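Biologist: I would like a close look at a single part of this model. Please take it slowly and set it in its surroundings.

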Amino acid sequence: MKKDIQIPVVKDVHIVAIREWNDDFMENTWNAYLLNDTDHQLTMAMVVSRAYGTINGEKRITATFRHAFKEVEPRTAVKIELLENNVLQLNNEFAVSYFLDDKLYDKKFLFEADSITESALTDLPTIPRTGIFA
């Protein structure tokens, strides 16, 4: 029965955007990270990302990217991908799935259009950095 299905709630796992120096572009760029603020290791973590929205009255959607991490250690963050400047004006969605204690967890995170800005920076847990929570 449906009522017997228990869906575990994702807690203390986040998607964050961090601004950092990029040697390839010779400027500060935004990068998305998977932040594990738990005391447990995440296994078989999958992140699926895409951006969508409207620019100048025209609907836009990016390709879908898939990232896999065999393990994400407790109290760490792993880089997912570069967030190019032209996709910051779109909604950036990250679907995260992982195993913890033999249970599958799943959650969608969203950076709304134009929400990734210097003025939105805040201190992040676990790592000594500032960033923006999705």
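What follows is one request about a hairpin and one connected reply.

Biologist: Take the hairpin that β7 and β8 form. How many bridges join β7 to β8, and what does Asn-91 touch? Please place the hairpin in the whole chain as well.

Modeller: A caution to begin with: this is a predicted model. Every value below is computed from it.

Start with the chain. It has ten strands and zero helices. From the N terminus on, the elements run β-β-β-β-β-β-β-β-β-β. The C-alpha trace spans about 45 × 35 × 25 Å along its principal axes. The radius of gyration is 16 Å; a compact globule of 134 residues would have one near 14 Å, so the chain agrees with that expectation.

Now the hairpin. Strand β7 covers residues 91-100. Strand β8 covers residues 103-111. The two run antiparallel, and nine bridges join them. In general, strands of a sheet pair through backbone hydrogen bonds, either parallel or antiparallel. One pair to find on screen is Phe-94 and its bridge partner in β8, Phe-109. Two residues lie between the strands. Asp-101 sits in that turn and has a positive phi of about 55°.

Look next at Asn-91, which is found in β7. Its C-alpha atom is 6.9 Å from that of Leu-110, though 19 residues separate the two along the chain. Leaving aside residues up to four places away in sequence, Asn-91 touches Leu-110, Phe-111, Glu-112 and Ala-113. It also touches Arg-50, Ala-51 and Tyr-52. The side chain of Asn-91 reaches the backbone nitrogen of Ala-113 at 3.0 Å.

Those contacts lead to another strand. Arg-50, Ala-51 and Tyr-52, touched by Asn-91, fall within β3, residues 42-55. Strand β3 has a hairpin of its own, formed with β4. Four bridges join β3 to β4 (residues 58-61), and the pair runs antiparallel. Ile-55 stands opposite Glu-58 in β4. This hairpin has two residues between its strands, and Asn-56 in the turn has a positive phi of about 50°.

Turn to the surface. Met-44, Phe-99 and Leu-104 make a nonpolar patch of about 300 Å². Leu-104 lies in β8. Phe-99 falls within β7, residues 91-100. Met-44 falls within β3, residues 42-55.

Other strands form an open sheet. Five of them are ordered β6-β2-β1-β10-β9, with antiparallel pairing. Strands β6 (76-83) and β9 (122-123) stand at the edges with a single partner strand each, so one side of each has no neighbour in the sheet. Within the sheet, β1 (residues 13-22) pairs with β10 (residues 130-133) over two bridges. Ala-17 has Ile-132 in β10 as its bridge partner.

Charged pairs complete the view. The structure holds seven salt bridges. In one of them, the side chains of Glu-20 and Lys-79 meet at 3.6 Å, N to O. Glu-20 lies in β1 and Lys-79 in β6, so the pair ties together parts 59 residues apart in sequence.

Back to your hairpin, then. Nine bridges join β7 to β8, and Asn-91 in β7 has its side chain at 3.0 Å from the backbone nitrogen of Ala-113.

Key
Residues are numbered from 1 along each chain as its sequence is written. This is a predicted model: local features need pLDDT of at least 70, side-chain atom pairs count only at pLDDT 80 or more; totals for chains, interfaces and linings use all residues. Side-chain values use heavy atoms; hydrogens and water are left out. Patches are made of residues with over 30% relative accessible area and no salt bridge: like charges are joined within 9 Å, nonpolar side chains (Val, Leu, Ile, Met, Phe, Trp, Tyr) within 5 Å. Accessible areas come from the Shrake-Rupley method with a 1.4 Å probe; for residues, only the protein chains shown count as cover. A salt bridge is a side-chain nitrogen of Lys or Arg within 4 Å of a carboxyl oxygen of Asp or Glu. A polar contact is a pair of N or O atoms within 3.5 Å; within protein, one must be able to donate a hydrogen and the other to accept it, and residues adjacent in sequence count only if both atoms are side-chain atoms. Contact means heavy atoms within 4.5 Å. Two strands pair if DSSP finds at least two bridges between them. The radius of gyration is taken over C-alpha atoms; the globule rule is 2.2 Å times the number of residues to the power 0.38.
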